[in-house]
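Got the model open in your viewer? Here's a short tour, stop by stop, with what to select and what you'll find there.

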Number of protein chains: 2
Amino acid sequence: MTWLWYPADFEIWLGNRFNNRRTERGAMFPPFWKQDSHWATVEFSREYELAKPETIRIYVEGRYNFMFDGKLQFGEPTEWLVPAGRHKINIKVHNPASPPALFIEGETIKSDASWRVTHEDKIWIDENGVAHGSGIYLVPGFWNFNTPSDRPSLFRLAREEWKAVSSHVLSGTSSDEPSNGKATTLLVDFGRETMGYIVLNGIQGHGIVELYYGESEAEALDKDYCETLDKLEVETCPRFVVPESKAFRFVQVVLPKGMTVESVSMEYEYLPQDLASSGSFECSDEELNRIWQVGAYTMDLTTREFMMDGIKRDRWTWSGDAIQSYLMNYYLRFDCDTVKRTIRQLRGKDPVSSHINTILDYTFYWFKSVYDYYQYTGDRDFVCEMYPRMLTLMDYCLGRLSEGWAIGQPDDWVFIDWVDFPMHKRGIVCFEQFLFCKSLETMQLCKDLVGPLSTLQMSNLHLSYPDVDYGAKAAELREKIDKTFWSPAAHAYLHALEPSNLSNPSNLNSQVTKFPSMFAILYGYADEQRQREILEHVMQNPEVPAITTPYMRFYELAALCQLGQHDDVLSEIKAYWGGMLHEGATTFWEKYNPEMKGDEHLTMYGRPYGKSLCHAWGASPVYLLGRYFLGIEPTSPGYTTWQAKPHLSNLDWMRGAVPTPFGPIRIEVSKHKVTLTTPLGVGPGTLFIDGKTISIPPAQATIIDY
Amino acid sequence: MTWLWYPADFEIWLGNRFNNRRTERGAMFPPFWKQDSHWATVEFSREYELAKPETIRIYVEGRYNFMFDGKLQFGEPTEWLVPAGRHKINIKVHNPASPPALFIEGETIKSDASWRVTHEDKIWIDENGVAHGSGIYLVPGFWNFNTPSDRPSLFRLAREEWKAVSSHVLSGTSSDEPSNGKATTLLVDFGRETMGYIVLNGIQGHGIVELYYGESEAEALDKDYCETLDKLEVETCPRFVVPESKAFRFVQVVLPKGMTVESVSMEYEYLPQDLASSGSFECSDEELNRIWQVGAYTMDLTTREFMMDGIKRDRWTWSGDAIQSYLMNYYLRFDCDTVKRTIRQLRGKDPVSSHINTILDYTFYWFKSVYDYYQYTGDRDFVCEMYPRMLTLMDYCLGRLSEGWAIGQPDDWVFIDWVDFPMHKRGIVCFEQFLFCKSLETMQLCKDLVGPLSTLQMSNLHLSYPDVDYGAKAAELREKIDKTFWSPAAHAYLHALEPSNLSNPSNLNSQVTKFPSMFAILYGYADEQRQREILEHVMQNPEVPAITTPYMRFYELAALCQLGQHDDVLSEIKAYWGGMLHEGATTFWEKYNPEMKGDEHLTMYGRPYGKSLCHAWGASPVYLLGRYFLGIEPTSPGYTTWQAKPHLSNLDWMRGAVPTPFGPIRIEVSKHKVTLTTPLGVGPGTLFIDGKTISIPPAQATIIDY
C-alpha cells in the first residue's frame, strides 16, 4: 500500500520547489529553462475480483470523485463497502497545488503499482448514455509514502541538530553580556562544509538579524560579496530556526543592538541513506582513504531531494553533473530512487523546447544516464516509463541537426567544460558528435528493450512519431565522425568544423584537446591501435592543455584507467584531490587549479566566492576507486553477470564493498590474495587478476591466491 | 497600466477552476481531456529611457526577484528609484498556485502590452560571469485588471440579489411556523432559467439542508434523478449562501426537522456586458422579438468566464458549441475578450495529445474560430498570438491522416451531431473532410497574415516545423472530396467511405444527410449549379432525415439563407424556436424534437432530465436574424469594409443594431426605406437592396428609399 500519483509528477512538483529555492545574495534565483507542472486532474483505476465483501478507506490529496462500477457516487466518500465479485473503481482527483494523489486501504484492495493512472481518459458519453473512448493508462508513480498520514505533499528531508565547533565575538559584546547600544557580530564555525538551517538559541530582544554564510571564513566575513545571506526579523524566543536551508561552514551573525543569543547551532538537513548496503573503500594509503571519505561526504551533501550539483550556489539539477553523481552513487549508496527522481525531474514534460538545462551535451548525457541506470540496476520498468520521453527528446534533437551533425543552435548552450585555455564551442564540435552518437545507440538499446510502443500505451503518440532506426543512424554518424575528425598526423580527433562553411572539410579547426579523444575511448569508438595513439599523443602529451575541472577529470581518469594507466591515475588522484585536502577542503570543489594560491581558489564567474566548494562532480574518486581499482562492474544488467578487475597498483592492500541490487559485493585484495564475497541474488562473476580469468560462483565467499 | 501574465496562462488557470467545478448529482465531474497548467515561473522585462528619475511601485502575484540593469537586487523590493537614462528591468516571478503576474506603477514606467514575457529566458552565465543565450519573448497576456488591488487571482463574476417568484410549502410546516419533529420541504420558483447561488435567509436551527435543483419543476421535485443537488450543513444565521453556483429555475429545499428559513433567494451570477455597444433586433412580429430576446438571455447566461455550452450539466468549454456562441456574440454583445479567453482556454498548451474536447470536428471548428474572430474584429495581434498554437495543432492533425483524409483514430470522438436517425460516424466521413479543408485554408490565411515565424519569436519551434503549403494541401483535398463524394445522381455529397477498405471507391456509403452538403454551401465549396441541386435534392427534400438539434439547425438555416430561402428560414425559426417557447422555454434547449410530448422533452443521454434547457447553441436566431435578415457583415477584417443585405421577408418592418469594433451599425428597414447609421471608425459599406447596389459612406446616417 502506497500513495500513487501520475508518473514523474511528484518529481516535477518537488523540482519546482527545489529549483526555485536557490537564492543569490538574498534574491530568489529560479532556473532559466522552462519548469513544468504536474497534471492538475488525473484518474486512478483498477478492477478487482473479491471473494468476499470488504470496506476500503479512501485517502486523497485533492478534491475527487468516486466512480464505482461505472457510476459516480455522491460527494467524496472516505469509506466504501465493496461487495464480493468483480468490481471497477475509478477515482478522479483534481489538485492544482500538489500532485493529485491516492491511497486506498483495504484487505485485498490496496493502492499499488497494479493500479493505472491517466491524465486524459478520453471517455465520452453518447446521446444514449453509452461510454466510448480510450485514454492512455500508465503505471502510477510512487515512492516510500506507505501510510495514509505520510502524504506526498508533506515530504521534507530529515534533520538533525548539530552544534558549532567554535563561535567568536568579532565585535560588540559577547552573547552572554547584554550589549549596550552596539550591534554584536559573531563568527560561527561548524568545522566542515555542511547544509541546513541556522538556529539561534535563547534570543533576547527584537530586530533584524543578519546572517552572512561562507563556505570559507573569508566569504562569511565579506558582507558585500558572500554568495548567500539572510536578513530576518527575530523576536525574543527560546529557539529561532531560519526558514530556508543554506550551505556553509562558517556563518557571520550580526545581531542588532540590544539583542543577544545564547548560542548558534544548526539543523543539518539530509536524505537518509541505507548505510548497510552502501559501498566502501579502504586501503594502505591514508591519504587515499581520506580522499574517498571526503568524496563520500561530498556525495551525501549533494544527494538530496535530487542529485544536486553544488549546495551553496547552484542548487539546481544539472544533467551533466547528475550523470556523474549517478555513477558515483552506484559505488556509494546505490540510492536508485534518487537517481530515478533526478532523471525524471531533469526531463520534465513535453513539449521539449530546449535541451536539458539548455545544454546540448546535457541532453546527450541524459539519454546515457537512463541506460547506465538499467545496466547497474536491471530495472526495465524505469526504461519503459522513460522511453516515451526519450522518444520526444530525441525527436527534438533530430529536428535541430545541421547536415546530420549535432550543432548548437542559437538558443543552445554548448558547454563541454569550463576550460582555462582558449577553445571555441562553435560549429560542429567533435566532442558533441561522440555524445550524440552514444545517444542514438542508447535509443536503439532502449527501443529494443522496451518493445512495441503499443505496449507502452502510447497509442496517441506513436501515430506522429515515425519508427526511426537509431542504430543505423548511429553507425552512419560514427563513420562520418571518423572520416571528418580523426587526424592520422595528430593521432587525435580534432576539435571542430568551423561554422563559416560546415560542409568544407578544409575548414577544420585542428586544435587538439583531450575531450573528443577521451570520449572515443570511454564510449568504445577507438580500436586498440588508435587507443595507443591517443594515449601517447593526447592523454600523455604535455602540449595538450590540461583539464582543470574535476568534472572532466572524471572522464579523463576513467579513460586512462580504460587504457591501463592505473599507476598514473592513482598518483593523479593523490595529487589533485589530495591537493584540495591540503588547501583545507572538507568537501570537493567545482574547480581546482593547483597553480592558484590562497583566496584565489574561491573565485569563479568573476566573483570572489563564486566557486562552489562542495560540488558533486568533485567526488569522482568514489567512482574511480570502486570501478577501476576495486574493479567491479556489472557485465549484464543488474549484476546478473559481473566482473572484478582489481588493480592494486602501488598499494599494499585494499578492501571495499560495491553495492548491487542485492546488497554489496565485498572484495579484499592484497599482493597475492583476492577475497570476494557476493550476496544472494547476484549472478556469476568473473575475476581478472594477474593475467588470469577466474569464474566466481554466486552467493558465496571465494578466496583466490595469485 | 494593467496586470500582466504569460499569454493564455490566466485562461488555462481559470479554465481549470471552471471545468473542474461541474458536478453530477453531487459528484465532482472533471473533463475527460487533459488539463494544462500555467507556467509556474515566468520573467517580465522591459527597457526604458527616462528623461528624469522616477520611483516605481512593484506589485506581484507570487514570489519574485528584481533585476535592475542586469543585477539581481536583495529580497523582493516593492519600490525602486529608477534614475534618468536607459535602464533595463527584469522581474522573475514564481507562483505555482495562480499565474505569475506583475503590475508596475510609475510615471512613465507602467506594466502594459509593451513589456515582454518568457517562460524560459535561456540566459546562461559563463565562467567569466558573462551572460549568453536567448529566450522566446512574447507579448504578455492581460485583460481588465487595471489597479494594483484588482489582482487576477481574485477574479470572479459579478453577482446580484434576485428574489424568488414563488415559494410553496410542499410538506411539513410553513417556514414561519417552527416545525414539530417534521422536515419541511419547499418548492421555490425563480420564474425563469437562471444561474447563481441559492441563498437561505433567516435560518433557525442546525442540520443538513438538501437542495434539489431543476431547470423544470419535474426535475426539482425528483430527488432521485435531478441532475444537480447539494447537501450542506447549515447553522442558525441571518444568511447562508451555497458555496457553488448552479443553474435552475426551480429548487426544492428540504430542511431538517426543527429548522426554518424566512425566505429563499439567490445571488444571480453573471459577466457584466456593455449594453450600449450591443446588438439588438426588433420587428413587426412579436413572436420573433420574443425569440430574439430569449436567445439573447440564453447567450448572456452561457457567456461567463468562458463561452459555456449548457449551464446546468455540461459546464465545460466545448469548441463546436463555442464557435456558434462567438458568431452569435458578434451580433449581440461583441464581447471580444470572452471570445479570446475561450479560444485560448480550449486550445490549452502543447503538446497536443488529443483533438479539442477529444472531438475531430471540434479541432476543425477551433481553427476557423480564430479567423472568424479576425474577420469580425480586425485584431491581427490575436492571430499572431494563436498562430504558434495553430501550427502545432495542425501538425497533430497532419500526423493522424489516413491517405490524406481526416479520420477518427481510435481515441478520437467523431461527433457531427446528435442525430435521431441511423447514421454511423466511421471511416472517411465527407462532413469531416469539408471541415478539415476549411482548417487548411484557415491555416494558410493566418500564415499569410502573420508573416515569417521568426517575427513571432518562435526560433526554437520553427526548426522542427517544416514550412507547409496549407493552401496547396487544401486545394488538393477539395478536389479529392469532389471526386470521391459528389454524386451527380443523388445531387448531393454522400456520407462516407466505409472503413473496411478506405481506398475502394465502390465502398461508398451513399446515405444522404444534410451535413456535408450544407457545409459545402456555407464554406463556398459548391458552385451555383450545385447549390441549386443541393437545395432541391437535399435541403428541401423531405426524404432526407430532419436535423433535430439547434446546433446543426444553426448551419442548416444559415445555408438556406445563403441560398436565398429567407421566407422558409423565418417560418422555420418561428416554428422551431417558437415551438420551444410554446413548451414554456425561458431559454433555448440543447435539443428539440417537436414530435415529443411533455416531460419527454426533458430526457437525454438516457436520463430523465439529462437535456440542457439552457444551451448556447440554442440561441442561433440571434445570429441568423443579425447576419441574414438585418444582413450586416464585415467584408474585410474589422469592418474596414462591410455590407448590408437586409431581407425583410414577410415582415412589415425591422430594426436593429449590429456591433462592430467601433460601436454598432444601426439599420432600420421597412417596405420601401432603409436607414443606415454607421459609427466613426467603420469603413465604407455597400447596401444590397431590391437588386440595387448602393455605396454607404462611413460615419453618417444614410437613408435610402427603394
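A polar contact here is a pair of N or O atoms within 3.5 Å; within protein, one must be able to donate a hydrogen and the other to accept it, and residues adjacent in sequence count only if both atoms are side-chain atoms. Before we start: this is a predicted model, where local features need pLDDT of at least 70, side-chain atom pairs count only at pLDDT 80 or more, and totals for chains, interfaces and linings use all residues. Residues are numbered from 1 along each chain as its sequence is written, chains are lettered from A and ligands numbered from 1 in the order in which they are written, and side-chain values use heavy atoms, with hydrogens and water left out.

**Stop 1: Asp412(B)**

Select Asp412(B) and show its side chain. Its partner in a polar contact is the side chain of Arg400(B), at 2.7 Å. Leaving aside residues up to four places away in sequence, Asp412(B) touches Trp124(A), His355(B), Thr358(B), Arg400(B) and Ile407(B), where contact means heavy atoms within 4.5 Å. Zoom out a little and you'll see that Asp412(B) sits in the loop between strand 23 (405-406) and strand 24 (428-429) of chain B. Helices (H or I, at least four residues) and strands (E, at least two) are DSSP runs, numbered from the N terminus. Is Asp412(B) buried or exposed? It's buried, at 8% relative accessible area; the cut-offs are under 20% for buried, over 50% for exposed and partly exposed in between (1.4 Å probe, protein chains only).

**Stop 2: both chains**

Now show chains A and B together. A turn of 180° with a shift of 0.0 Å along the axis lays chain B on chain A, with an RMSD of 0.1 Å. That's how a two-fold axis relates its copies. The superposition is by least squares on the C-alpha atoms of residues with pLDDT of at least 70 in both. As for the interface, 100% of chain B's interface residues are interface residues in chain A too, so the copies meet through the same surface.

To find the axis, pick Pro351(B): its C-alpha, at 2.6 Å, comes closest to the rotation axis among the residues of chain B. Stay there and check the backbone, since the peptide bond from Asp350(B) to Pro351(B) is cis, with omega near 0°. Pro351(B) lies in the loop between helix 5 (336-347) and helix 6 (360-377) of chain B. Over in chain A, a cis peptide bond joins Asp350(A) and Pro351(A), with omega about 0°.

**Stop 3: backbone oddities**

Most residues other than glycine have a negative phi, and most peptide bonds are trans. Select Phe334(A), which has a positive phi of about 50°. You'll find Phe334(A) in the loop between helix 4 (319-330) and helix 5 of chain A, buried at 11% relative accessibility. Next, try His491(B), whose phi is near 55°. His491(B) is partly exposed, with a relative accessible area of 21%.

**Stop 4: cysteines**

How many disulfides does the structure hold? There are 0 over all chains, counting a disulfide as a pair of cysteine sulfur atoms within 2.5 Å. Select Cys384(A): the closest cysteine sulfur, in Cys446(A), is 9.3 Å from its own, too far for a bond. Cys384(A) is buried, at 14% relative accessible area. Finish at Cys614(B), which is buried at 0% relative accessibility.
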